[in-house]
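This report introduces a structure to a reader who meets it for the first time. Please consult the display below while reading.

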Amino acid sequence: MLKSKHLIGLEHFPVSDLNKIIDTSFKFKEILQTESRKAILLQGKTVVNMFFENSTRTKISFSLAEKRLGADSINFSASTSSVKKGETLKDTVQNIESMKIDGAVIRHGHPGSALKLTEYIDGAVINAGDGSHEHPTQAILDMVTIKEKFGKIKGLKVGIVGDILNSRVARSDIFALKKLGAEVVVCGPSTLLPNDAKKLGINITYNLDEVLNWCDAVIALRIQLERMHLGRIPSKREYHSEFGLTFERISKLKKDIVIMHPGPMNRGVEIDSKVADSDNAVILDQVLNGVASRMSILYLLLGEGDMEI
Amino acid sequence: MIETESTKKLLFKSGRIIDPFTKKTFNGDILVENGKISNISDSIPSRGKDYQVVDCKGLVVTHGFCDIHAHFREPGREDKETLESGSFAALGGGFTQVCTMANTDPIIDSPEHIHYIVSKSSKLPIDIFPIGAVSKGLKGEDLTEMLLMQKNGAIAFSDDGMPIQNAQFMKLALTYAKMLDVPIMNHAEDILLRNNGVMNASTTSNNLGLKGNTSLAEAVMVYRDLLLAQSLSSKLHLLHISTKQTVDLLKQFKKKNSLITSEVSPHHLFFIDEDVNAFDTSLKVAPPVRGKNDRKALIEGIKSGLIDCIATDHAPHTIEDKETTFNDAEFGMIGLESCFGAVNKVLVKQNGMSLKSLIEKLTVNPRKVMNLEQDLFSIGCKAQITIFDPNEKWVFTNEHILSKSSNSPFLGKELIGRVKYIVSKNQFFTI
């Protein structure tokens, strides 16, 4: 089992736990590829999925992971709950907790909400994205995808392109990659890059071609188009021209690189359709690995230690 | 007036050559062949050669001047100035390169607009480098496509005419421009502090009953911009600085930061607020001409090298824009043709600045601010040469104006130092 009781973020997460989750994910991926696709390891366990923010991929991925493990899952979304009536996070959660649950998956727009939850409930808390803070399960599925492709993470060169400043995916990916010994370069418009790159142990560049020529894998992040009106980027056209994974750019490279994207994609902005749909793209592998990774996380946090997979 | 000759081989004989890049001064000759510097030395023999010889005895031969702040009004107000008429005004003043501001109609705030200026000026007799807008529509809200604009030829970015009021937007603009390694040039005037002032807030403005524009309006925003630029390590260029407070702030910040540059305009060096006493609208300008002490601080600042360069802020307006009350008149004055005679008179003749130092402020320094080639007298370099008489006294009149507009407070003033010949873009001009 793991040293950690919860999965809140990867910044302080033990590397041994991270490796264990990644390695176990491959076992679940095998199971997902069998005919039954199930491993009833969490029978009798109850997980509540609390989505205070919109989500397609992550919500379905968790629900599916819970079902494949035989857990009972309850879905809760802020738009149809008492949150709308003005109930506080604490009251909402303690009410749910009093109904006896073993684990909670939370997505919330505010950083720190997942950590706050650990104060209110006894079960395991899994952060499915808290504001601009962290999105650890996305980073884990990215690590699984990279390891699946290269057989290792240590020593690999990974580029992350886009809104690094506001992206929880970027932050969790950077923590994971650094913990596992990869080299990281981030790239994007200067208005969307952090100014503490040195402290994160990463390099920064504004030159996408330089990153693409250097890296083994590149993660393109979704660019939030509302940033345009906050004076951070001038237009889709300029972003696409300077920071987009365009077909022209990718086809000029001397070697193949692995193309990743956490979704949802803005095709034609941060990534061209021809690139997203190319053989080098592992974007759909990321989605399947998401289910396997979340099964691994749920199993290792909620399951009994003696269960054999 | 101006005379043009296209000639293959030109020998400038016996001039005082001042090369502000190598910092060498000597009496000698410069040979230009096919528009390029082909030889420069103490003496180049011309016997038996088909050189056109230009006698430069008593004249100074130096780099073509570079103005990094001018308004050529095209597109939109071609009645005031066009790229072509502006080019001739520039030549009249000894300028071979001019950077034009973005506040035309439409505003130069897209790569397409930059492309228009670049292609429209390619055949003109000087180099014109468009400065793109920082914000779309000069509204100070949304960034322009600076990366694409630079690729199309934008040399720097400025909302000149419209001070960037929003500090968060200024911060983002300075941050974004870091990718381009070009300066953001802000017209620093806090609009609320300016309080609709039409001239410097002073005894003169009180006596005339005109609304005063306090020097604080400039200094407050300059301070903000300096703090932002310093903390972001961004390139900032202060446009047309006018006050002693700004000079003092520059002293404080520039020591630590070579990314900060500034310019002063000839009219701020030449005039003071008291000169406005007859409601002379040709002196209505933003920022306004200030008090005696401000002028003195600007002169000291340019002499000491604290202020990097001289820029004209050439701002043509029609007669009807100026033949009205002081309140209603437009801000701005033309400045290219009168520039050298004015600054040479004030700085060199009256305030003891060396001519060499003044030339730097009109040549290598502005080019450095804009990342332009500075070593213009190296062999093979495209010839940009300005030749002037440093001592000729002359009265500036309408005859000397090549601009389409004639709104100049220098009309009728005695200037010292006059441009005689120019080589620019493979053409030879006699002024």
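Two strands are said to pair if DSSP finds at least two bridges between them. Helices (H or I, at least four residues) and strands (E, at least two) are DSSP runs, numbered from the N terminus. The model is predicted: local features need pLDDT of at least 70, side-chain atom pairs count only at pLDDT 80 or more, and totals for chains, interfaces and linings use all residues. Residues are numbered from 1 along each chain as its sequence is written, and chains are lettered from A and ligands numbered from 1 in the order in which they are written.

**A sheet in chain A**

In β9(A), Met260(A) is the bridge partner of Ile219(A). Three bridges join β9(A) to strand β8 of chain A, residues 217-220, in the parallel sense. Both strands belong to an open sheet of five strands in chain A, with parallel pairing and the order β7-β6-β5-β8-β9. Because β7 (203-205) and β9 (258-260) of chain A stand at the edges, each with a single partner strand, one side of each is left without a neighbour in the sheet. On average, neighbouring strands of this sheet are turned by 20° against each other, direction ignored. Axes here are lines fitted to C-alpha atoms, for helices over the stretch in contact, and angles run from 0 to 180 degrees between N-to-C directions. Helix α6 (residues 168-179) of chain A lies across β5 (157-161), β6 (183-187) and β8 of chain A, and runs at about 160° to β6(A).

**Contacts**

Two residues are in contact if their C-beta atoms, placed from the backbone, lie within 7 Å. Ala, Val, Leu, Ile, Met, Phe, Trp, Tyr, Cys and Pro count as nonpolar, Asp, Glu, Lys and Arg as charged, and the others, Gly among them, as polar. In chain B, helices α8 (residues 244-254) and α10 (residues 292-304) pack at an angle of about 35°, their axes 8 Å apart. Chain A has 13 residues in contact with 14 residues of chain B. The domain assignment of chain B, automatic or from a database, gives domain 1 (3-61 + 380-394 + 416-430) and domain 2 (63-369). Between these two domains, 19 residues of domain 1 touch 21 residues of domain 2. The largest share of the domain 1 side, six residues, comes from β18(B).

The table lists classes of contacting residues.

| Set | Nonpolar | Polar | Charged |
|---|---|---|---|
| Side of chain A touching chain B | three residues | six residues | four residues |
| Contact of α8(B) with α10(B) | four residues | two residues | two residues |
| Side of domain 1 of chain B touching domain 2 of chain B | 11 residues | six residues | two residues |
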